Amino acid sequence: MTDPIRPPDLSTEKDFAGTSFSPIYTTTVTVSGGTASHGRASGRARSDDGVLDLSLRMPAELGGDGQGTNPEQLFAAGFAACFHGALSLVARQAALDPSTISVEATVAFGRDPEDGGYLLRVDLVVSWPGTDPKIAAPLLEKADSLCPYARMAWRGTPTTITLAS
């Protein structure tokens with residue numbers, strides 16, 4: 001028999017006193033190949049460890065064949081997983097059972113009315129059967145303040161762009 005999976009012992013306190021960003025985990029995904037020449041990703045996405053290796057395709061709604069995943073689906077999966085993890089952590093700290101929590105992330109790709117460019121909009125719907133909404137509400141707020149995807153959405157993310165030589 002195997003031992004049960006132990007959740008990570010991560011702090012939810014603002015207890016980091018460093019002077020700069022301190023990475024805890026880093027991954028790299030490379031997207032290459034494909035036939036789209038109109039600004040939408042196609043081709044292959046592969047992580048540096050090879051665990052993620054999938055075909056990218058345009059969704060049928062945008063004229064593609066829909067035979068692979070797309071960036072919005074990947075972002076929705078990452079956001080939902082991240083928020084689910086943050087909420088599960090704060091639920092355990094509040095002595096609540098997180099096993100029934102589910103997080104649905106809807107990501108919409110559309111046009112920005114301010115400048116005509118493109119934007120993403122994210123809607124999260126949390127289902128937590130059997131939990132009083134008055135108890136869940138402050139935990140949702142705490143998860144929102146902890147989840148790196150949520151923080152990225154309302155604070156922005158420092159980004160560097162470098163042309164490889």
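I take two strands as paired if DSSP finds at least two bridges between them, and I keep in mind throughout that the model is predicted.

**Entry 1, the sheet.** With that criterion I looked up β2, which covers residues 43–47, and found that this strand and β3 pair in the antiparallel sense over four bridges. Within this pairing I noted one position in particular, where Arg-44 stands opposite Ser-55 in β3. I then traced the whole sheet, which is open, holds three strands in the order β1-β2-β3, and has antiparallel pairing. At its edges I found β1 (29–32) and β3 (53–56), and because each has a single partner strand, one side of each is left without a neighbour in the sheet. From one strand to the next, I recorded a twist that averages 20°.

**Entry 2, the largest pocket.** I next turned to the pockets, and for the largest one I wrote down a space of about 2,200 Å³. I counted 39 residues in the lining of this pocket, and those that lie nearest its centre are Phe-21, Ile-24, Leu-146, Cys-147 and Pro-148.

**Entry 3, what lines the pocket.** Sorting the lining of the largest pocket by class, I obtained 19 nonpolar, 13 polar and seven charged residues. I also asked which helices contribute, and noted that α1 (71–93), α2 (133–146) and α3 (148–155) each supply at least two residues of that lining. Which element gives the most to the lining of the largest pocket? My entry for this is α1, with seven residues.

Note on methods
Residues are numbered from 1 along each chain as its sequence is written. This is a predicted model: local features need pLDDT of at least 70, side-chain atom pairs count only at pLDDT 80 or more; totals for chains, interfaces and linings use all residues. Side-chain values use heavy atoms; hydrogens and water are left out. Axes are lines fitted to C-alpha atoms, for helices over the stretch in contact, and angles run from 0 to 180 degrees between N-to-C directions. On a 1 Å grid over the protein atoms alone, a cavity is a set of points where a 1.4 Å probe fits but cannot get out, and a pocket is an open set with protein on both sides within 12 Å along at least five of seven lines; lining residues have an atom within 4 Å of a point. Grid points are joined across faces, edges and corners, and a volume is the space filled by probe spheres set on the points. Ala, Val, Leu, Ile, Met, Phe, Trp, Tyr, Cys and Pro count as nonpolar, Asp, Glu, Lys and Arg as charged, and the others, Gly among them, as polar.
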